[in-house]
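Here is a short tour for anyone meeting this structure for the first time. Keep the 3D view open and follow along as we go from the inside outwards.

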Amino acid sequence: MVTPSPCMVLGPDLVLTDVNEAACRVTGRTREDLLGRYLFDAFPDNPSDADADGVQNLHASLHRVLSSKEPDTMAPMKYDIPVADRPGVFEERWWSAINTPVLGPDGQVRWILHRGEDVTSFIRSHPRLRDGGALSDAAEREVELYARARELKRLNEELREAHARERRVALTLQEAMLHSPHLPRHRDTAVRYLPAAGSLNVCGDWYEVIDLPGNRCAVAVGDVVGHGLEAAAVMGMLRSALSAVVRAVERPARALDVLSLYARDVEGALATTVVQAVVDTRARRIMYSSAGHPPPILLHPDGTFDLLDRATDPPLGARPQDVPHPHGDLPYTQGDTFVLYTDGLIERRGEDIDDSLQRLTDVLIHHADNEPEGLADALLADLGVSSGARDDIALVVIRL
């Protein structure tokens with residue numbers, strides 16, 4: 001049983017069939033010591049406490065569960081437990097417990113899940129709650145709130161740990177899928193991937209750099225809607241599909257046509273944004289097409305720039321009918337810098353996209369003389385996202 005609360009599983013005969021780690025820890029007993037034993041043999045009443053009624057109260061609750069087949073929440077109670085390895089010695093304990101039936105196929109109670117929160121430290125730190133071993137109604141409510149608050153805290157901690165594990169797995173998966181075998185050949189190309197900061201989930205941003213025949217190079221960046229492993233998996237499928245298609249068709253727009261059709265059959269792929277470009281180094285031209293993605297930027301050495309925003313369509317699958325994606329192309333000169341990115345680099349809550357683009361181009365112009373690696377670092381630093389933004393960031397900087 002993977003739960004932060006101490007839990008024991010009982011058969012209808014009240015024999016222990018399972019206990020979790022938390023229960024062993026809080027009672028100081030081992031699984032081997034407890035499994036197969038009658039509950040009240042393992043945990044009898046404290047013989048030195050004349051007012052001990054823990055066995056009586058718990059026994060009554062368990063039989064209510066057996067007869068009603070409904071959960072029974074017990075009032076906080078004193079139930080001392082034997083000290084391990086010290087026969088006849090008992091330790092004062094207070095508990096807030098709930099007993100829940102688990103029904104079999106025949107509708108009868110097959111097991112009872114006994115979950116008890118140890119609230120002893122709380123009771124001891126609040127002497128006014130103790131009155132001859134009994135609790136007033138108000139004290140019971142206070143203890144119950146304390147127990148539930150502590151359980152919630154532990155559940156939250158477990159949830160954070162689970163999300164952290166998922167994040168590590170998703171990051172590992174994403175980093176593996178972002179491997180571009182042709183990238184080492186491009187010494188004038190810098191790439192960056194930054195997961196979202198302050199988030200337990202990684203998103204579905206990607207980049208790709210591929211060499212094509214005829215002195216051409218295909219460059220893409222994309223952004224899958226969603227978070228976590230599912231988004232990372234969808235990203236991997238779309239990235240692989242686009243990498244294959246761009247090798248087989250002549251124009252980026254046609255590659256996005258095919259990718260859009262494919263996205264309709266991939267759960268979680270619709271509304272993905274992506275821009276695909278092909279750099280023809282022989283003709284010194286850039287062909288491109290975008291599906292709802294922020295426009296790439298062609299920065300010139302003199303500080304002027306072009307936004308590649310004349311071949312933009314809605315995100316993948318957004319149109320009810322299949323319509324060919326628009327095609328754009330423009331010339332470049334040697335020494336120009338081509339910058340592609342995902343929206344996490346520039347978008348800020350409550351800010352107009354034109355203002356975001358203006359800030360990006362201002363930074364690019366300021367650092368226009370930097371080599372690609374330095375320019376990529378300067379972009380992240382000046383835009384305030386070096387340690388991550390609210391969203392994932394993929395960035396490609398190419399000196400043409």
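Before we start, a word on labels: helices (H or I, at least four residues) and strands (E, at least two) are DSSP runs, numbered from the N terminus. Also keep in mind that this is a predicted model.

**Two cavities**

How many cavities of 30 Å³ or more does a search of the whole structure find? There are 2 of them. The largest cavity holds about 210 Å³ of space, and the second largest holds about 40 Å³.

Let's take the largest cavity first. Its lining is made up of 16 residues, and the ones nearest its centre are Met8, Thr27, Leu58, Trp95 and His114. Four elements each supply at least two lining residues: strand E1 (7–10), helix H1 (21–27), strand E7 (94–103) and strand E8 (109–118). Which element gives the most to this lining? That would be H1, with 3 residues.

The second largest cavity has a lining of Trp206, Glu208, Ile210, Ala218, Ala220, Arg239, Leu242, Ser243 and Gln276. Here the elements that give two or more residues are strand E10 (204–212), strand E11 (216–224) and helix H7 (228–248).

This is how the two linings break down by class:

| Cavity | Nonpolar | Polar | Charged |
|---|---|---|---|
| Largest cavity | 13 residues | 3 residues | no residues |
| Second largest cavity | 5 residues | 2 residues | 2 residues |

**The E10–E11 hairpin**

Two of the strands from that second lining deserve a visit of their own. E10 and E11 run antiparallel and are joined by 9 bridges. Across the pairing, isoleucine 210 stands opposite alanine 218 in E11, and both of these residues are in the lining of the second largest cavity. E10 is largely enclosed by the rest of the structure, because 8 of its 9 residues are buried.

The two strands form a hairpin, with 3 residues between them. Glycine 214 sits in the turn and has a positive phi of about 75°. Asparagine 215 is in the loop between E10 and E11 too. Its phi is also positive, about 55°, although asparagine 215 is not a glycine. Why is that worth a mention? Most residues other than glycine have a negative phi. Asparagine 215 is partly exposed, with a relative accessible area of 42%.

Another residue of this kind is alanine 271, which has a positive phi of about 75° although it is not a glycine. Look for alanine 271 in the loop between helix H8 (252–263) and strand E12 (273–280). With a relative accessible area of 36%, alanine 271 is partly exposed.

**Helices with a buried side**

Now for H4, which covers residues 54–68. This helix has 15 residues and reaches 21 Å from its first C-alpha to its last, close to the 21 Å expected at 1.5 Å a residue. Which residues of H4 are buried? They are Gly54, Val55, Leu58, Ser61, Leu62 and Val65. These buried residues cover an arc of only 135° around the axis, which puts them on the same side of H4. On the other side, Gln56 and Ser67 are exposed. You have already met Leu58, by the way: it is among the residues nearest the centre of the largest cavity.

H9, residues 353–366, can be read in a similar fashion. Its 14 residues should span 20 Å at 1.5 Å a residue, and its end C-alpha atoms are indeed 20 Å apart. Buried in H9 are Ser356, Leu357, Leu360, Thr361, Val363 and Leu364. Seen down the axis, the buried residues of H9 fall within an arc of 160°, so they line one face of the helix. Asp354 and His366 are exposed on the other side.

Isoleucine 365 lies in H9 as well, and it is partly exposed, with a relative accessible area of 35%. Isoleucine 365 and aspartate 302 are 63 residues apart in sequence, yet their C-alpha atoms are 8.6 Å apart in space.

**Back to H1**

To finish, return to H1, home of arginine 25. Is arginine 25 buried or exposed? It is exposed, with a relative accessible area of 57%. Arginine 25 and proline 6 are 19 residues apart along the chain, and 8.2 Å separates their C-alpha atoms.

Methods: Residues numbered from 1 in each chain as written. Predicted model: local features only at pLDDT ≥ 70, side-chain atom pairs only at ≥ 80, totals over all residues. Heavy atoms only, no water. 1 Å grid on protein atoms, 1.4 Å probe; cavity = no way out; pocket = protein on both sides within 12 Å on 5 of 7 lines; lining within 4 Å. Points joined across faces, edges and corners; volume = space filled by probe spheres on them. Nonpolar A, V, L, I, M, F, W, Y, C, P; charged D, E, K, R; others polar. Buried < 20%, exposed > 50% of the residue type's maximum accessible area, 1.4 Å probe, protein only. Pairing = 2+ DSSP bridges. Expected span 1.5 Å × (residues − 1). Arc of directions from axis to C-beta.
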